[in-house]
Amino acid sequence: MLNKENKTADIKKYQQEYRKKNKEKIKLYNKKKYKRKTKIFDEKAFQKKCLNTSFNYSQYWLMSYTEIRQNKEKLKFKTIIQARSSISAIDILQKKTDSDNPNSKINNLKIKMLHKEFKLNRKKLSLVNWMDIKNCSFPNEVNILFKKHEY
């Protein structure tokens, strides 16, 4: 028992002495910043940039909003609209809701562009997901706005 305790005590003394002698080396080692090989994707900056741009081709926009009906009933929905810019997507949504429910208003509109790095429930969109998005996005052949009701 004494031998084991002495060994650990000796190791601790050695570590303390080493730290005292090599303070500068330890500080330099701790200050080193290692560069990452891959860049981190900044979702917020990307979405902010996309909201102000008008694209040459159509993009898919995920829109979540609150619809206030004539009887003051508030309903939360999510839908996907295909448009070249966020402004045109908002116009399309307003026109379609006016035609479906004439006296309804849109509140709390949040808009995001779907893109290659977009994550839904912490997972990237797969090819099957992209096909589903394409099929349910408005405007479509059936001219129906598919809305997911949120509680």
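This is a short talk on one sheet and the salt bridges around it.

Good morning. A caveat up front: this is a predicted model.

Start with the sheet. Four strands make it up, and the sheet is open. The order runs S3-S1-S2-S6. Pairing is antiparallel. Now, which strands stand at the edges? Strand S3, residues 105-113, and strand S6, residues 148-150. Each has a single partner strand, so one side of each lacks a neighbour in the sheet. From one strand to the next, the twist averages 30°.

Look at the S1 and S3 pair. Strand S1 covers residues 54-68. How many bridges join S1 to S3? The count is 7, and the two strands run antiparallel. For a landmark in that pairing, take Leu62: opposite it, in S3, stands Lys112.

A helix comes in here too. Helix H3, residues 43-51, packs on the sheet. H3 touches S1 and S3. The direction of H3 makes about 115° with that of S3.

On to the charges. The model has 5 salt bridges. I will take you through some of them.

Begin with Glu67. One salt bridge goes to Arg69, with the closest N and O atoms 2.9 Å apart. Another goes from Glu67 to Lys147, and there the closest N and O atoms are 3.4 Å apart. That second pair links distant parts of the chain. Glu67 sits in strand S1. Lys147 sits in the loop between helix H5, residues 127-136, and S6. The two are 80 residues apart.

Is Glu67 buried or exposed? Buried: its relative accessible area is 0%, and the cut-off for buried is under 20%. What about the partners? Arg69 comes out as partly exposed, at 25%. Lys147 is partly exposed as well, at 28% relative accessibility. So a buried acid is bridged to two bases that are partly exposed.

Now a separate pair, Glu117 and Lys124. They form a salt bridge, and the closest N and O atoms lie 3.1 Å apart. Glu117 counts as partly exposed, at 26% relative accessibility. Lys124 is partly exposed too, with a relative accessible area of 47%.

Which residues do shared partners join into one network? Glu67, Arg69 and Lys147.

To recap. An open, antiparallel sheet of 4 strands. Helix H3 packed on it, touching S1 and S3. And Glu67, buried at 0%, with salt bridges to Arg69 and to Lys147. Thanks, that is my part.

How values were computed. Residues numbered from 1 in each chain as written. Predicted model: local features only at pLDDT ≥ 70, side-chain atom pairs only at ≥ 80, totals over all residues. Heavy atoms only, no water. Pairing = 2+ DSSP bridges. Axes fitted to C-alpha atoms, helices over the stretch in contact; angles between N-to-C directions. Contact = heavy atoms within 4.5 Å. Salt bridge = Lys/Arg side-chain N within 4 Å of Asp/Glu carboxyl O. Buried < 20%, exposed > 50% of the residue type's maximum accessible area, 1.4 Å probe, protein only.
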